[in-house]
Amino acid sequence: MVRTIPSEKEFREATSEWFNSRGFRVENISEDGNEERADMLIFDDSVRVLLELKIKGENELEAAERDSILQGGGVHRYSESSLRRNRMSAIISKGVSQLTKTPIEREFNILWLHSAGRYADHHGTRFIASLYGRRWLVPIPGQDGRYCYYFDNSDFFRHRADLSAAVISWGDEGLLCINDLHPTTDNFRQSSFRALFGDCCIDPPEAESAGEAYIAPADGPRGDLDAILKAVAMKYNVARLIDFSPTLHIAEASVGDGGKWPRIESH
């Protein structure tokens, strides 16, 4: 099912209601002239969090192309990897800029990145990959794959001084992604804001300690696939690792009259 893409107003109202229902107060922030600001301040008696909301819907050109093919009776094929994407990074950078330009006292800067429309869950996965430079690696020999954080260039590293965390959501689901490279991460982990998300959280050092994730070496040769694979394998004393990050493949076709597939005649 394709979920409706909310307007900015609807998303802001829904977010405010969500925080209010959990004991937080919300103060909406107005833009100052032509200078864009963050959307809202979230606070209780112990913490003040500045929040910027962003929505990622479907690309209009891609949607128009799909509709044209389907209306013409053809099959529309769509493929997209689960890796970091410049389009997601641009949205993240814009949000961080709005956060840093907002002159309000707070302890933490947070982005809420919402994916909506067709392929919303996959766009959420790509936001996470962009924030963490995350890939799925599989040891050889072996079968138990793990996510590797900071394998690629990452937006959390790029904005490590300014961004404490990001919330990634799609539909009714969401995750809190902690920027463990931020200088006040330990304070954030103890905050009431962090507690809101319970187990719905990504924290790379915690996952690594549990044996559920790899973290690429800080000085790893990013951009050189073979070299960074060898660096991660050496760090964890694994004979060999391969990149097995999945790609989304979808083929769509319109159903004919009466809910039946169009008849194909042989000649």
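**Exercise 1.** Compare the span of helix H3 in this predicted model with the span expected at 1.5 Å a residue.

*Solution.* Count first: H3 has 15 residues. The expected span is 1.5 Å times one less than the number of residues, which gives 21 Å. From first C-alpha to last, H3 reaches 21 Å, close to that expectation.

**Exercise 2.** Find which residues of H3 are buried, and what covers them.

*Solution.* Apply the cut-off: buried means under 20% relative accessible area. Met-88, Ser-89, Ile-91, Ile-92, Ser-93, Gly-95, Val-96, Gln-98 and Leu-99 are buried. Next, look at the cover. It includes strands S3 and S5, along with helices H4 (120-132) and H5 (155-158).

**Exercise 3.** Trace the open sheet of 7 strands and explain why one side of S1 and of S10 is left without a neighbour.

*Solution.* Write the order: S1-S2-S3-S5-S8-S9-S10, with mixed pairing. S1 (25-28) and S10 (201-202) stand at the edges; each has a single partner strand, so one side stays without a neighbour in the sheet. For S1, 4 bridges lead to S2 (residues 40-43), and the two run antiparallel. In that pairing, Asn-28 has Met-40 of S2 as bridge partner. Now add a helix. H3 (residues 86-100) packs on the sheet, touching S3 and S5, at about 145° to the direction of S3.

**Exercise 4.** Describe the open sheet of 4 strands and the helix that packs on it.

*Solution.* The order is S11-S7-S6-S12, with mixed pairing. S11 (213-215) and S12 (241-243) are the edge strands, each pairing on one side only. From one strand to the next, the twist averages 35°. Helix H9 (residues 225-235) packs on this sheet and touches S6, S7, S11 and S12. Its direction makes about 135° with that of S12.

Terms used
Residues are numbered from 1 along each chain as its sequence is written. This is a predicted model: local features need pLDDT of at least 70, side-chain atom pairs count only at pLDDT 80 or more; totals for chains, interfaces and linings use all residues. Side-chain values use heavy atoms; hydrogens and water are left out. Two strands pair if DSSP finds at least two bridges between them. Contact means heavy atoms within 4.5 Å. Axes are lines fitted to C-alpha atoms, for helices over the stretch in contact, and angles run from 0 to 180 degrees between N-to-C directions. Buried means under 20% relative accessible area, exposed over 50%, partly exposed in between (1.4 Å probe, protein chains only).
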